[in-house]
Amino acid sequence: MSSRRRFLQGATTAGAVSLALPLLPSQSRSQDPAFPLRLVIFFSGNGTIVRDWVPESNGGRLTRLSPILSPLSRHLEKLMVVQGLDIKVAKREYQPKGGFHAHERGLGAILTGQPLHLGPMEAGSGYAQGISVDQFLAQRTAGATGIPVLNLGLISRRHGNGWYNRDTMTYAGDDLPVFAESDGSKIFDEVFSGATMDVAALERVRARRQSVLDFVRADLQRLETRISREDQLRLAEHHTAFRTLEQQLSEPVASCGDFSLAAPGGWNDENNMTAIADFQIQQTVQALACDRTRIATMQFGKGLGGLSLRCIGMTDSWHGLSHEGNGNESAQNKLTQLNTYIAERFASLLDAMDAVPEGSGTLLDHSIVCWVNELGIGNVHDHDNVPVVMAGGGHGFFKTGGAHVELGDRPNNDWLVSLCHAFGQTDVTEFGLSELSNGPLTELHA
Amino acid sequence: MRVQVGISSALALLLACQGTFSDDPYAAGEPLDPVQDPDLAPASCSPELEPAVRGVPTRILTGRELNNALRELFPNVELPNQEIQFDGRVESCVVYSRDDVLEAHIREYRGIAETLAPLLVEDLNAVMDCAGASDADCATRYIEDFASRAFRRPVSADEQAGLVALYRTGAEVSHAEGMRYVFEAVLQTPSFIYVHETPADTLAPHEVAQRMAAMFARSVPDSELLAAAEDGSLMNANARVEHAERLLATPAGQAAIGAFVGEWFGIDRLRDTPLALEDQALAAGMEEETRRFVDRLVSQGSARFTDLLAANYTYLNEAMAAHYGYSLDGAEAIGDGWYRVELEGSAGLLTHGSFLSQHHGPVHRGLAIRRGLLCGDVPGPDDIDITAVPTGETEAERSKTEKRLDHPTCGGCHRMMDPMGLALDTFDDHGVPRTEDQHGNPVRDDGEILSSDVDGVIQGAAELGNRLSQSEDVRACVARNLFAWSYARAATAADSCVIERIQNHLATNDDDFRAALVGIVASDQFVRSLQPRVGGEQ
């Protein structure tokens, strides 16, 4: 009998791994005076603490940022704070009757404007009934960049929870969730693919993948003749996976120049959150700057993310705290501290974007950067007055300059229409549930 | 003995609580589970009228199945454990794959195949025996055997030719590269990663083997099962019972029963809790306590859910005894530094740290019992002003609970949870017995079970566990979970007769769920299948 052999797992997730890229000529965008418009949607969950979120303003101009928003003060000139945006479709009356909870309804609706389906696996497991705005705009601008859209997670998935719809806000279509990738090095490989490999080695990998793909595809075709129509539909996405892989196999190797990042120790360790956020922010900004992609989402935790942000000495579960009543002063203060921490990360995203010069401005000026939430007030679990901050303006499409806009109960469907219009998709007159769409939110437009 | 019809009692428990008090909290409730269509339920269950069980939909292997399958396919190679991110849960408990496939699944499996293939060819002697044969001949021979084990059925000529062609392409570089092509392909190909059944009135023998391997080992069929499929003997009920009992006696079979209990009680979620991040050793100790408890129950020939809920002992080592503050004096040593410790006032798994540290406070503890043991659910507190009940920072949980129960909006749902959870209030968030809470408030353990067939006032964990272990509602819920485990999907109303039969097996076998599982395969129903026709013909 042969002895059992023990293989050590690859060192990719342990310790600090530096992912270095060889020096290659970087794509210069400077010849192109019209820098492309970019969109970054940044998410955090569990609602906010209103008293510490609402800033002071006068005549629609911010005069004093709130405690939670204070880290954004250095970007005041490129900011707009939005109030009165409601995720109306997340309210029960628009949802199928069933056992959904507020978190997944809000998360599923924020970028889709759609209700959830009833899930087949367990009460409340259904997905949103339509495409999310990031994926929609990626489809509309397909071919412009190698990666149509980048969906990054910051500890946005946990194993074995079973509530998949709490894991994602992005959808490729009706009932087609797209899960953000929390492993930053996987994203790095995908975005800056092959740039660390020599050409011959890359060709070998591609040849093997192609041969394997041919066999696997034939196997699926054989299997499809043996299963029911219902089951064939169940496997339909397998064909999509083949097409995506084939596209990747034929894509030329792209490079974003000399760019390396030190990977934090564990992609699911809350102690590492700041390092994880830094990594994800840096690579997102690099991918935008060298035009590998124009649309990105960054999902901080998941819906109801029970994150305990140990990196700032917070051992309580964020979600647990959000259930405490207003009378629990210590819980309220901790929640403010948590939201302020997220604001700091959002500010550092803006820092990084504003540090990339583009023409007479910066990457930030040519981008729309939004910070959204799944809920309004955390402990009430409502979907009114979702805290929204927008920055960059997107070539001056949206207001900036420290604008403070009170919308007064407008649905996020209209906000999604505005985002489409910013990208020139003016044929879009509604987004998500029809009955909630009234057209763009011109109050936000510059 | 009177046995309630499983589905009707389970269905009743699935009705949502109402926001306001009434004599019957379910009176105007909405079913929470959309698949519970009472119209599908047969009027009565008898062997003649009993419908065939709807087939198992095509699904992707779960992480547990994949890792067990890898051990079965490569017994001499220790491969790193692979995690499947997209596993979900049926009935909130049993881990199963989502019922439709996402692109992300496929990417995940491709990644696993690409990770494992190079590891497998590092030392091919451990994988395949090529003594006395040329590399190419050996590969051809091995491929047929390997693929038929991986696919759980004989390999077609087409498939064999395709795999040999892959080998040859890679073998232009080297024998190992050729095998790498083969492993990379087989480990991500639909015939391996999908569990599927061809629509027909009766399962094919290989499909029976596959179902049984999933039920009794959470793996692919072993060589004995494959042989019994090959000679057709698995179509015979007695042969199935023999194989079921054989598998249950193997380490893989015992591990599968342990896995069922672990998934049912959510013990496998412990690693995702804040405790696991804070104190890994403690979390591992808790997990091991529960694993030893279940393993010993199973290996001593008893796997009764009544023991799981009511045992007045547990297994501890010195570190865990110190954690709980229990003495090991006079405890019976069972080896490896572990002891069987008799504990007055304990209630099987309900008083294990692995359970209590995942569910804090009476609300969550009560909810875990309502969901896991009574197959009921309680809607979340959304669209409800949860600040309606003012509570103080240092207020005792019991006092908060009393306020919630008295509140007209909150009470209707909280009575489904809190009163049961209060019986566990003398255990802290890490499962340690306590006489006062973290704020210095004294704690008590009186509680009440409501909305079940064992309603009544209770005192402490032991009475809670004892009372639940005598509940027909709990037995029906165990039957539902065993159904989900066996058929890899949630039950529908159309499955009520099968669930009733499982419930009967439990009742007549001292509530031993291994006997209930054997009972499932002993029935001719097990090989009958109700399936839609092959593509397009329906």
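## A tour of chains A and B

Begin by selecting His395(A), which counts as partly exposed because its relative accessibility is 43% (buried means under 20% relative accessible area, exposed over 50% and partly exposed in between, with a 1.4 Å probe and protein chains only). The model on your screen is predicted, so local features are given at pLDDT of at least 70 and side-chain atom pairs at pLDDT 80 or more, while totals for chains, interfaces and linings use all residues. Residues are numbered from 1 along each chain as its sequence is written, chains are lettered from A and ligands numbered from 1 in the order in which they are written, and side-chain values use heavy atoms, without hydrogens and water.

**Chain A: two backbone angles**

His395(A) has a positive phi of about 60 degrees, although it is not a glycine. To find its surroundings, show the loop of chain A that runs between strand E15 (388–391) and strand E16 (403–411); helices (H or I, at least four residues) and strands (E, at least two) are DSSP runs numbered from the N terminus.

Go next to Ile155(A), which is not a glycine either, yet has a positive phi of about 50 degrees. Ile155(A) sits in the loop between strand E7 (150–154) and strand E8 (170–173) of chain A. Is this residue buried or exposed? Ile155(A) is buried, since its relative accessible area is 2%.

**Chain A: the whole chain and its surface**

Now colour the whole of chain A by secondary structure, and you will have eleven helices and 16 strands to trace. Of its 446 residues, 61% count as buried. Among the contacts in chain A with a separation of 6 or more, 73% are between residues 24 or more positions apart, where contact means heavy atoms within 4.5 Å. If you switch on the surface of chain A, its accessible area comes to about 15900 Å², and carbon and sulfur atoms account for 50% of it (Shrake-Rupley method with a 1.4 Å probe; for residues, only the protein chains shown count as cover).

On that surface, select Val50(A), Val54(A) and Ile377(A), which make a nonpolar patch of about 190 Å². Patches are made of residues with over 30% relative accessible area and no salt bridge, with nonpolar side chains (Val, Leu, Ile, Met, Phe, Trp, Tyr) joined within 5 Å and like charges within 9 Å. Val50(A) belongs to helix H1 (residues 50–53) of chain A, and with a relative accessible area of 39% it is partly exposed.

**Salt bridges in both chains**

Over all chains there are 49 salt bridges, each being a side-chain nitrogen of Lys or Arg within 4 Å of a carboxyl oxygen of Asp or Glu. Stay in chain A and select Arg410(A) with Asp414(A), whose side chains form such a bridge at 3.4 Å, N to O. Arg410(A) is buried at a relative accessible area of 18%, and Asp414(A) is buried at 0%.

Then move to chain B, where Asp524(B) and Arg240(B) form a salt bridge at 3.9 Å, N to O. Asp524(B) is in the segment after helix H24 (513–522) of chain B and Arg240(B) is in helix H10 (residues 237–249) of chain B, so the pair ties together parts that are 284 residues apart in sequence. Asp524(B) is exposed, with a relative accessible area of 51%, whereas Arg240(B) is buried, with 0%.

**Aromatic pairs**

How many aromatic pairs are there over all chains? The count comes to 26 aromatic pairs. Return to chain A for Phe188(A) and Phe279(A), a tilted pair with 6.3 Å from centre to centre and 50 degrees between the planes. Phe188(A) lies in helix H4 (residues 184–191) of chain A and Phe279(A) in helix H8 (residues 273–289) of chain A, so parts that are 91 residues apart in sequence are tied together by the pair. Rings of Phe, Tyr and Trp (its six-membered ring) pair if their centres lie within 6.5 Å, and planes under 30 degrees apart count as stacked, over 60 as edge-to-face and the rest as tilted.

In chain B, a cluster linked by ring pairs takes in Phe260(B), Trp264(B), Phe265(B), Phe355(B), Trp485(B) and Phe513(B).

**The cores of chain B**

Keep Phe265(B) selected, and add Phe216(B), Leu308(B), Leu350(B), Leu464(B) and Phe513(B): of the 94 residues in the largest nonpolar core, these six touch the most other members. Helix H22 (residues 472–487) of chain B gives the most to this core, with eight residues. Apart from this core lies another, of 62 residues, including Val101(B), Ile143(B), Leu163(B) and Tyr167(B). A nonpolar core is a set of buried Ala, Val, Leu, Ile, Met, Phe, Trp, Tyr and Cys residues joined through side-chain atoms within 4.5 Å.
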